[in-house]
Amino acid sequence: MLRLSRLADYGVMVMAHVAADPDAGHNAADTAAATGLPGPTVAKIMARLGKAGLLTSQRGAHGGYRLAQPAEVLSVADIVTALDGPIALTQCSTSGPSACDRENLCVSRRGINRINNAIRGALEGVTLAELARPYDFFAAPPPRRGAAATPAE
């Protein structure tokens, strides 16, 4: 089973919360209360997202974390990569030297790379702005980023 880490899952929740009110300063305690996540975990996530350049922090009475870029520019892939590292199914799927001693004999590597690219593309195709919008269960889903518009009937 392919799964995001719990930290990446929580990171997406934290970023969606911040993106829902991008002009406000968000601290870990308030974000934890709003998302129902543990305070120390939220503090860790916000610090790591800040270090990765997805959030900026400001000290003071009106301080807190804010998005470093508009939510329309940030993708789920950006968040996952900041918290979990490169998006890859296997060790050989990441760039750089692999720890696999069968890599030069592997016939499935090309297929695995295509799957990795598809997963990465899917995560890159979902923006933080989409996640931060209130969900209307009766509305048609928004067009995917990069998808061609369909003609009106």
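**Exercise 1.** In this predicted model, determine which residue follows helix 4 and what sign its phi has. Then establish which residue caps the N-terminal end of helix 4.

*Solution.* Step 1: Beyond the last residue of helix 4 comes Gly85, and its phi is positive, near 90°. Step 2: At the N-terminal end, the cap is Ser75. A side-chain oxygen of Ser75 lies 3.3 Å from the backbone nitrogen of Ala77.

**Exercise 2.** Identify the buried residues of helix 4, and explain why they are on the same side of the helix.

*Solution.* Step 1: Helix 4 spans residues 76-84. A residue counts as buried when its relative accessible area is under 20%. Step 2: In helix 4, Val76, Ala77, Ile79, Val80 and Leu83 are buried. Step 3: These residues cover an arc of only 160° around the axis, and therefore lie on the same side of helix 4.

**Exercise 3.** Describe how strand 1 and strand 2 are joined and what lies between them.

*Solution.* Step 1: Strand 1 covers residues 55-58 and strand 2 covers residues 64-67; the two run antiparallel and are joined by four bridges. Step 2: Leu55 has Leu67 of strand 2 as its bridge partner. Step 3: The strands form a hairpin, with five residues between them. Within the turn, Gly60 has a positive phi of about 115°.

**Exercise 4.** Place these elements in the protein chain as a whole, using its pattern along the sequence.

*Solution.* Step 1: The chain contains six helices and two strands. Step 2: Their order along the sequence is α-α-α-β-β-α-α-α. Step 3: Of the chain's 153 residues, 29% count as buried.

Notes: Residues are numbered from 1 along each chain as its sequence is written. This is a predicted model: local features need pLDDT of at least 70, side-chain atom pairs count only at pLDDT 80 or more; totals for chains, interfaces and linings use all residues. Side-chain values use heavy atoms; hydrogens and water are left out. Buried means under 20% relative accessible area, exposed over 50%, partly exposed in between (1.4 Å probe, protein chains only). The arc is that of the directions from the helix axis to the C-beta atoms. A polar contact is a pair of N or O atoms within 3.5 Å; within protein, one must be able to donate a hydrogen and the other to accept it, and residues adjacent in sequence count only if both atoms are side-chain atoms. Two strands pair if DSSP finds at least two bridges between them.
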